[in-house]
Amino acid sequence: SPLENNEIQSPFEDPNDNSNFHHYIEGLVSRGWSDHAIQSIEESTRKIMNFLFDPSIDGQFQRYGLVVGRVQSGKTANYAGLISRAVDAGYDIIIVLAGLHNSLRKQTQIRLQNEIISSSNTSTRRRLIPLTQEDVDYQTLPSPHIFSASREKSVLLVVKKNVTPLTKLYHQLRELDPMETLGLNLLVVDDEADHATINGQKIDPHGVEE
């Protein structure tokens with residue numbers, strides 16, 4: 001349910017110390033990104049965070065939105081920054097849907113590992129732990145409780161838009177206790193929203209799309 005009128009969300013602020021986002025920005029600086037590009041990422045991800053639900057607010061809420069980027073305009077850099085800030089804010093599970101093909105999923109996994117997972121270490125307030133690997137899409141885990149809410153960690157899954165890994169993930173999340181799932185904060189990023197996305201068009205009784 002949406003936020004009630006009397007539950008105003010405060011503007012997003014980064015943690016004062018040991019922030020995943022600060023580590024991410026330091027990495028961009030070290031790789032020679034321009035001040036203009038870094039400022040653009042800072043502003044765009046802050047704006048999106050202000051529209052996302054704040055996990056620090058008690059209650060059960062859902063928020064939906066759509067962010068559209070131009071082709072080859074730095075979308076991955078922006079959502080990598082967004083993921084870093086979401087981890088800092090207290091999101092427990094980050095799922096990145098990375099296209100239909102293994103090559104696209106692998107490319108995204110490597111990019112996120114190099115840019116945000118490698119900088120999320122014991123010095124950050126919340127660690128980001130990958131549950132998928134460069135050559136391994138989502139597989140069944142020993143225990144679904146690795147998804148459990150924690151103040152110390154968030155988990156990242158880079159998953160192909162394919163029925164097999166997505167079904168595995170769905171069933172394992174379903175194994176959690178219902179009361180436990182209510183305490184989880186989930187962010188889904190669709191990196192290939194123009195490909196294999198749900199068909200939302202209406203179909204009349206004769207099977208013709210409207």
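Helices and strands are here DSSP runs, numbered from the N terminus, a helix having at least four residues and a strand at least two. K153 lies in strand β3 by that assignment. The model described in this report is a predicted one.

## Surroundings of K153

With a relative accessible area of 22%, K153 is partly exposed, because the buried class is confined to values under 20%. Leaving aside residues up to four places away in sequence, K153 touches R126, R127, I129, I146 and S148. One of these neighbours, I146, offers its backbone oxygen to the side chain of K153 at 2.9 Å. A further distance concerns T124: its C-alpha atom is separated from that of K153 by 9.6 Å, although the two positions lie 29 residues apart along the chain. Put exactly, K153 and T124 are 29 residues apart along the chain, not separated by 29 intervening ones.

## Helix α4 and the nonpolar cores

Helix α4 spans residues 102-117, and its buried residues are R105, T108, Q109, L112, Q113, E115, I116 and I117. These buried positions pack against two helices, α1 (20-30) and α3 (75-89), and against the strands β1 (93-97), β2 (127-130) and β3 (153-159).

Two of the buried residues of α4, L112 and I116, reappear in the largest nonpolar core. That core has 31 residues, and the members that touch the most others are Y24, I83, I94, V96, L112, I116 and L156. Two or more residues are given to this core by each of α1, α2 (35-51), α3, β1, α4, β3 and β4 (186-190). Helix α3 supplies the largest share, with seven residues. A second core, separate from this one, comprises 13 residues, among them I93, I95, L131 and V155. In soluble globular proteins, nonpolar side chains tend to be buried together.

## The aromatic pair in helix α1

The model contains one aromatic pair. The pair is formed by F21 and Y24, with ring centres 6.5 Å apart and planes at 45°, so the arrangement is classed as tilted. Both residues belong to helix α1 and stand three residues apart, about one turn of the helix. An α-helix has 3.6 residues a turn, so residues three or four places apart point the same way.

Both rings belong to buried residues: F21 has a relative accessible area of 2%, and Y24 has one of 0%. The ring of F21 has a further partner in R85, whose charged end sits over the ring at 3.8 Å from its centre.

## Salt bridges

Twelve salt bridges are counted in the model. Three that link separate parts of the chain are set out below.

| Salt bridge | Closest N to O distance |
|---|---|
| E115 and R31 | 4.0 Å |
| K106 and D135 | 3.3 Å |
| D137 and K160 | 3.0 Å |

In the bridge between E115 and R31, E115 belongs to helix α4 and R31 to the loop between α1 and α2, so the contact ties together parts that are 84 residues apart in sequence. The two partners differ in exposure: E115 is buried at a relative accessible area of 11%, whereas R31 is partly exposed at 42%.

Helix α4 also contributes K106, which meets D135 of the loop between β2 and β3, so this bridge ties together parts 29 residues apart in sequence. K106 is partly exposed, with 32% relative accessibility, while D135 is exposed at 59%.

The loop between β2 and β3 provides D137 as well, and its partner K160 lies in the loop between β3 and α5 (163-174), so the parts tied together here are 23 residues apart in sequence. D137 and K160 are both buried. Elsewhere, salt bridges that share partners join E13, D14, E42, R46 and R85 into one network. R85 thus appears both in this network and over the ring of F21.

## D54 in the loop between α2 and α3

D54 is found in the loop between α2 and α3. With a relative accessible area of 19%, D54 counts as buried, because the limit for that class is under 20%. The side chain of D54 makes a polar contact of 2.8 Å with the side chain of S56.

Note on methods: Residues are numbered from 1 along each chain as its sequence is written. This is a predicted model: local features need pLDDT of at least 70, side-chain atom pairs count only at pLDDT 80 or more; totals for chains, interfaces and linings use all residues. Side-chain values use heavy atoms; hydrogens and water are left out. Buried means under 20% relative accessible area, exposed over 50%, partly exposed in between (1.4 Å probe, protein chains only). Contact means heavy atoms within 4.5 Å. A nonpolar core is a set of buried Ala, Val, Leu, Ile, Met, Phe, Trp, Tyr and Cys residues joined through side-chain atoms within 4.5 Å. Rings of Phe, Tyr and Trp (its six-membered ring) pair if their centres lie within 6.5 Å; planes under 30 degrees apart count as stacked, over 60 as edge-to-face and the rest as tilted. A charge sits over a ring if NZ of Lys or CZ of Arg is within 6 Å of the ring centre and within 35 degrees of the ring normal. A polar contact is a pair of N or O atoms within 3.5 Å; within protein, one must be able to donate a hydrogen and the other to accept it, and residues adjacent in sequence count only if both atoms are side-chain atoms. A salt bridge is a side-chain nitrogen of Lys or Arg within 4 Å of a carboxyl oxygen of Asp or Glu.
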